[in-house]
Amino acid sequence: MRVLGIEFNASFLNYVLLDVGEENTEILTVNRLTLAATRSKDALKAFQAAVQSMYNVTKPDRVAIKTKPERGAMSAGAASLKMEGIALANAPCEVEFVSAQKIAKLEISPRLVKKYLEPAYKAAASHKQK
């Protein structure tokens, strides 16, 4: 199963595509998309086109998104919420949200992916933990 893990960090959408099998998990691709501006129609349309391209290239069977709190001291910023809305609205398959607590509990091998991609990797890998 191809699982696309996504994490929003500031104005970045970090993603990791995993092939999750019974025995092995293989990283197929990793990348980062950027939202240039949160109040620009052109920037939002460009980001939406990049997200659609990401989905077309990766062809996920499932999307796993690391949740961001909507309220409180650690709440998500405007960019994260807008990027999440675009990613969710354009998803070609089922989307599941993975809590930050569940992601924090998952252990991965050091240097498996760059540090900034670890939450996206763990979101995708959490599918295997069900």
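**Close-up views of a predicted model**

**View 1. Arginine 32 and two aromatic rings.** In this predicted model, arginine 32 lies over the face of phenylalanine 12, 3.9 Å from the ring centre. The charged end of arginine 32 also sits over the ring of tyrosine 116, at 4.2 Å from the centre of that ring. As for rings paired with one another, the structure holds 0 aromatic pairs.

**View 2. Helix H2 and its buried face.** Helix H2 comprises residues 78-90, 13 residues in number. From its first C-alpha to its last, H2 reaches 18 Å, close to the 18 Å expected at 1.5 Å a residue. Which residues of H2 are buried? They are Ala79, Ser80, Met83, Glu84, Ile86, Ala87 and Asn90. Seen down the axis of H2, these buried residues fall within an arc of 165°, so they line one face of the helix. The elements against which they pack are strand E1 (2-9), strand E2 (12-20), helix H1 (41-58) and strand E5 (94-98).

**View 3. The largest nonpolar core.** The largest nonpolar core has 19 residues. Those that touch the most other members are Leu4, Ile6, Leu13, Phe47, Val51, Met54 and Tyr55. At least two residues of this core are supplied by each of E1, E2, H1, strand E4 (62-66) and H2. Leaving aside residues up to four places away in sequence, methionine 54 touches Leu4, Ile6, Leu13, Tyr15 and Leu33.

**View 4. A second core.** Separate from the largest core is a second one, made of 14 residues. Among its members are Ala64, Leu117, Ala123 and Ala125.

**View 5. Alanine 10 in a loop between strands.** Most residues other than glycine have a negative phi. Alanine 10, although not a glycine, has a positive phi of about 60°. Where is alanine 10 placed? This residue is in the loop between E1 and E2. Is alanine 10 buried, partly exposed or exposed? Its relative accessibility is 48%, and partly exposed residues lie between the limits of 20% and 50%, so alanine 10 counts as partly exposed.

**View 6. Lysine 59 in a loop between a helix and a strand.** Lysine 59 is located in the loop between H1 and E4. The phi of lysine 59 is near 50°, a positive value in a residue other than glycine. With a relative accessibility of 56%, and with exposed meaning over 50%, lysine 59 therefore counts as exposed.

Definitions and conventions:
Residues numbered from 1 in each chain as written. Predicted model: local features only at pLDDT ≥ 70, side-chain atom pairs only at ≥ 80, totals over all residues. Heavy atoms only, no water. Helix = DSSP H or I, 4+ residues; strand = E, 2+ residues; numbered from the N terminus. Expected span 1.5 Å × (residues − 1). Buried < 20%, exposed > 50% of the residue type's maximum accessible area, 1.4 Å probe, protein only. Arc of directions from axis to C-beta. Contact = heavy atoms within 4.5 Å. Phe/Tyr/Trp six-rings, centres within 6.5 Å; stacked < 30°, edge-to-face > 60°. Lys NZ or Arg CZ within 6 Å of the ring centre and 35° of its normal. Core = buried A, V, L, I, M, F, W, Y, C linked by side-chain atoms within 4.5 Å.
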